[in-house]
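Good morning, and thank you for joining. I would like to take you through the helix packing and the nonpolar core of one structure, and I ask that you keep the display in view as I speak.

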Amino acid sequence: MGTQYYDSRENVHTDYHVTELLQMMGHANRPLLDDSGKCVILCHAPRIEYYKKFLYEALPVESHLQHYLHDNLNAEIVNGIIRSKKDAVDHLTWTFLYRRLTQNPNYYNLQGVSQRHLSEHLSELVETTLCDLEASQCIAIDDDMKLSPLVLGLVASYFYISYSTVELFESCLIPQTRMKGLVEILAQASEYSQRWSEG
């Protein structure tokens, strides 16, 4: 009942995301057993039109690759798919992110939709991401162009660990670290900050 849940971190009641409501609605019937299903959403009167709009109209789907680009590029560098900055930019042109940039430029903070704007945006995105990966000792950049994986990048890719987590482990773990320290360091891993519904 209701369209909110209690967020203990913020100490407030927060609305369920529309995609979570759609997922709940999908459980209103049993596939292959029921011909139809019924879902009743109980909410405050001012929110009725809001939910009607999102439940009856198509939602635009946007890419979130830019938020996870570090780990994506690191994995592609480890696999040998990306070997240079140019390869990284080319790689992005084959993604859903690239397709959505021109469709909804404001969402992606794009200044324009010309080829020059797209190229500059992708180049800046790649440059920033690769600099972060280099600073975290996941990759090496040779001659300001060639990319190669380092040990931390290999570990992050093989074990599906965020680049920021392996960077944390590298900077905090020492041979003298006791069990309490290990647990505290492990608890700071970025993977634990993600909500359960995203994982």
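**Helix packing and the nonpolar core**

I begin with a helix pair: from α3, the residues Leu-69, His-70, Leu-73, Asn-74 and Ile-77 meet Leu-125, Thr-129, Leu-130, Asp-132 and Leu-133 of α6. By class, this contact of α3 with α6 comprises 6 nonpolar, 3 polar and 1 charged residues. Please bear in mind that this is a predicted model. The axes of α3 and α6 are 10 Å apart, and the packing angle is about 75°. The two helices are therefore roughly perpendicular, since angles of 65 to 115 degrees fall in that class.

Helix α6 has a second partner to consider, namely α4. Here the axes come within 10 Å and cross at roughly 125°, which makes α4 oblique to α6. The crossing of α4 past α6 is right-handed. On the α4 side, the residues are Lys-85, Ala-88, Val-89 and Leu-92, and they meet Leu-122, Ser-123, Leu-125, Val-126, Glu-127 and Leu-130 of α6. The contact of α4 with α6 divides into 7 nonpolar, 1 polar and 2 charged residues.

Leu-130 appears in the contact with α3 and again in the contact with α4. Which residues does Leu-130 touch, if those up to four places away in sequence are not counted? They are Leu-73, Ile-77, Lys-85, Ile-139, Ile-141 and Leu-147.

This leads to the core itself. The largest nonpolar core has 27 residues, and those touching the most other members are Leu-101, Leu-130 and Ile-139. At least two core residues come from each of α3 (69–78), α4 (85–92), α5 (96–103), α6 (115–135), β3 (139–142), α7 (151–158) and α8 (163–172). Which element gives the most to this core? Helix α6 does, with 6 residues. As general background, nonpolar side chains in soluble globular proteins tend to be buried together.

I turn next to helix α7, where two residues deserve attention. Ala-156 lies in this helix. Is Ala-156 buried or exposed? With a relative accessibility of 3%, Ala-156 counts as buried, because the cut-off is under 20%. Setting aside residues up to four places away in sequence, Ala-156 touches Asn-74, Ile-161, Ser-162 and Val-166. From Ala-156 to Glu-167 the separation is 11 residues in sequence and 9.3 Å in space, C-alpha to C-alpha.

Ser-157 is also found in helix α7. Its relative accessibility is 14%, so Ser-157 counts as buried. Leaving out neighbours within four places in sequence, Ser-157 is in contact with Asn-74, Ala-75 and Val-78. Asn-74 is thus touched by Ala-156 and is in contact with Ser-157, while it also takes part in the meeting of α3 with α6.

Finally, I come to the pair formed by helix α1 (residues 18–26) and helix α2 (residues 48–56). Their axes come within 11 Å and cross at roughly 70°; α1 and α2 are therefore roughly perpendicular to each other. Helix α1 passes α2 in a right-handed crossing. The contact is made by Val-18, Leu-21, Leu-22 and Met-25 on the α1 side, and by Tyr-50, Tyr-51, Phe-54 and Leu-55 on the α2 side. What classes of residue make up this contact? There are 8 nonpolar residues, with no polar and no charged ones.

That concludes my presentation.

How values were computed
Residues are numbered from 1 along each chain as its sequence is written. This is a predicted model: local features need pLDDT of at least 70, side-chain atom pairs count only at pLDDT 80 or more; totals for chains, interfaces and linings use all residues. Side-chain values use heavy atoms; hydrogens and water are left out. Axes are lines fitted to C-alpha atoms, for helices over the stretch in contact, and angles run from 0 to 180 degrees between N-to-C directions. Helices (H or I, at least four residues) and strands (E, at least two) are DSSP runs, numbered from the N terminus. Angles under 35 degrees count as roughly parallel, over 145 as roughly antiparallel, 65 to 115 as roughly perpendicular and the rest as oblique. A crossing is left-handed if the near helix is turned anticlockwise from the far one by less than a right angle, and right-handed if clockwise. Contact means heavy atoms within 4.5 Å. Ala, Val, Leu, Ile, Met, Phe, Trp, Tyr, Cys and Pro count as nonpolar, Asp, Glu, Lys and Arg as charged, and the others, Gly among them, as polar. A nonpolar core is a set of buried Ala, Val, Leu, Ile, Met, Phe, Trp, Tyr and Cys residues joined through side-chain atoms within 4.5 Å. Buried means under 20% relative accessible area, exposed over 50%, partly exposed in between (1.4 Å probe, protein chains only).
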